[in-house]
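Visitor: I am new to protein structures, and I would love a close look at a single part of this one. Could you pick a spot, start there and then lead me outward?

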Amino acid sequence: MKLKHQTLGEFIIEKQDSFSYSSGELTKLLNGIGLATKIVNHEVNKAGLVDLIGEVGEINVQGESQQKLDLMANKTFIDTLSKREIVCGIASEEEESFITINSQDKNHQNKYVLLIDPLDGSSNIDVNVSVGTIFSIYKRVTPVGTPVTQEDFLQKGRNQISAGYIIYGSSTMLVFTTGNGVNGFTLNPALGTFYLSHPDMKQPEDGSIYSINEGNCASFEPGINEYLNYCKSTDGKSAYKSRYVGSLVADFHRNLLKGGIYYMYPGTKTDINGKLRLLYECNPIALLAEQAGGGETDGKGSVLDIEPTSLHQRVPFFTGSKNMINELKGFLNQE
């Protein structure tokens with residue numbers, strides 16, 4: 001019997017047998033992510049009261065100015081999951097290379113690797129706009145008992161065991177999939193507990209919202225601008241509404257709930273491959289979209305079928321309501 005107010009821990013235990021790779025290790029990993037999320041949430045919510053806002057004066061591997069909260073979130077997730085010895089390796093958007101984690105028995109027995117964007121949209125924290133965390137879990141491909149290699153992280157998105165995001169907004173939500181639909185959990189800050197608030201999330205097949213940085217339209221390929229004109233037109237339909245936060249998690253979360261299309265970073269003349277990272281952002285969001293009945297593409301095919309070539313690879317990315325993605329594909333001459 002399902003509990004009326006089911007906690008994250010209770011949900012994971014109840015659904016463990018339906019996981020693609022049922023194991024106590026994966027259960028511990030998902031609970032570990034939940035714990036790290038509570039720590040980051042606490043810091044994000046008090047950022048304006050302590051010295052956690054602003055840049056640290058350093059440039060990360062992505063060529064971006066690091067924010068103080070970026071470093072805090074990165075350290076929190078790595079420390080929390082490393083100390084519990086529930087992953088054999090972590091790759092972070094904030095780190096140049098992956099981190100190998102050995103189990104206490106020194107035999108590299110753990111089976112899963114984690115890829116993470118610790119704090120997506122952190123530059124928005126100064127103006128009190130929602131930010132988030134994005135994560136992706138794979139089963140290692142190298143033999144258990146040996147240190148992880150880059151091969152364990154450079155896997156197609158189709159191989160993901162689990163993926164999800166946390167949005168730190170008016171309420172804090174953890175949304176994830178293990179390959180059997182998408183479920184959302186809302187944090188009760190008074191109790192420090194995540195409760196199932198959005199079971200079996202489904203993205204509407206149609207929507208009326210489009211999310212993109214139109215300031216770059218002069219650099220978009222013709223098909224993108226043609227679709228933009230279609231979004232604004234009233235020829236036989238109501239014009240779509242433009243809603244753009246500039247935080248992937250915030251924009252995707254809104255469009256997941258309300259219906260819409262997100263194509264904030266297509267390729268441009270200056271950034272042919274777009275700006276979003278395949279492993280840390282596109283793959284996990286694409287899997288969530290697919291599991292929620294939405295669509296996704298890099299403009300040519302499924303993002304989930306791309307063979308990664310580097311840890312920080314970037315690709316164009318489009319995701320949203322199924323019918324809106326199909327409309328876009330027509331403008332891009334994609335089958």
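Guide: Happy to! Let us start at S321, which is buried, because its relative accessible area is 0%, below the 20% cut-off for that word. Keep in mind as we go that this is a predicted model.

Where does S321 sit along the chain? It is found in the loop between β15 and α7 (322-331). Now look at what surrounds this serine. Leaving aside neighbours within four places in sequence, S321 is in contact with Q203, P204, E205, D206, G207, G259, G260 and G295. With one of these residues there is a polar approach too: a polar atom of the S321 side chain lies 2.8 Å from the backbone oxygen of P204.

Next, step back into the strand that comes before the loop. In a regular strand, side chains alternate between the two faces of the sheet. Strand β15 (residues 317-320) is covered on both faces: F317 and T319 are buried on one side, and F318 and G320 are buried on the other. The partner of β15 is strand β14 (residues 295-297), and the two pair in the antiparallel sense over three bridges. Within that pairing, G320 of β15 stands opposite G295, a glycine that we have already met as a contact of S321.

A little earlier in the chain comes helix α6 (residues 278-291), which is mostly covered, with 13 of its 14 residues buried. After α6 you will find G293, whose phi is positive, near 85°.

Let us now follow the aromatic rings. The structure holds 11 aromatic pairs. One of them joins Y165 and F252 edge-to-face, with 5.9 Å from centre to centre and 90° between the planes. Y165 belongs to strand β7 and F252 to helix α5, so this pair ties together parts that are 87 residues apart in sequence. Are these two rings buried or exposed? Y165 counts as buried because its relative accessibility is 0%, and F252 is also buried, with a relative accessible area of 1%.

Another edge-to-face pair is formed by Y230 and Y240, at 6.1 Å centre to centre and with 85° between the planes. Here Y230 lies in helix α4 (residues 222-232) and Y240 in the loop between α4 and β12 (241-242). Y230 counts as partly exposed, at 25% relative accessibility, whereas Y240 is buried, at 13%. Ring pairs also bring F318, from the strand where we began, into a cluster with Y227, Y230, Y240, Y263 and F331.

Finally, strand β7 leads us to the sheet. This is an open sheet of eight strands in the order β4-β3-β5-β6-β7-β8-β9-β10, with mixed pairing. Its edge strands are β4 (99-100) and β10 (193-198), each pairing on one side only. Inside the sheet, β6 and β7 run antiparallel and are joined by eight bridges; Y138, for example, has Q160 in β7 as its bridge partner. Helix α5, the home of F252, lies across β5, β6, β7, β8 and β10, running at about 100° to β7. Helix α2 lies across β5, β6, β7, β8, β9 and β10, at about 15° to β7.

In soluble globular proteins, nonpolar side chains tend to be buried together. In this model, the largest nonpolar core has 36 residues, and I33, L114, F135, I137 and F176 have the most contacts inside it. Helix α2 gives the most to this core, with seven residues.

Conventions: Residues are numbered from 1 along each chain as its sequence is written. This is a predicted model: local features need pLDDT of at least 70, side-chain atom pairs count only at pLDDT 80 or more; totals for chains, interfaces and linings use all residues. Side-chain values use heavy atoms; hydrogens and water are left out. A nonpolar core is a set of buried Ala, Val, Leu, Ile, Met, Phe, Trp, Tyr and Cys residues joined through side-chain atoms within 4.5 Å. Buried means under 20% relative accessible area, exposed over 50%, partly exposed in between (1.4 Å probe, protein chains only). Helices (H or I, at least four residues) and strands (E, at least two) are DSSP runs, numbered from the N terminus. Two strands pair if DSSP finds at least two bridges between them. A polar contact is a pair of N or O atoms within 3.5 Å; within protein, one must be able to donate a hydrogen and the other to accept it, and residues adjacent in sequence count only if both atoms are side-chain atoms. Contact means heavy atoms within 4.5 Å. Axes are lines fitted to C-alpha atoms, for helices over the stretch in contact, and angles run from 0 to 180 degrees between N-to-C directions. Rings of Phe, Tyr and Trp (its six-membered ring) pair if their centres lie within 6.5 Å; planes under 30 degrees apart count as stacked, over 60 as edge-to-face and the rest as tilted.
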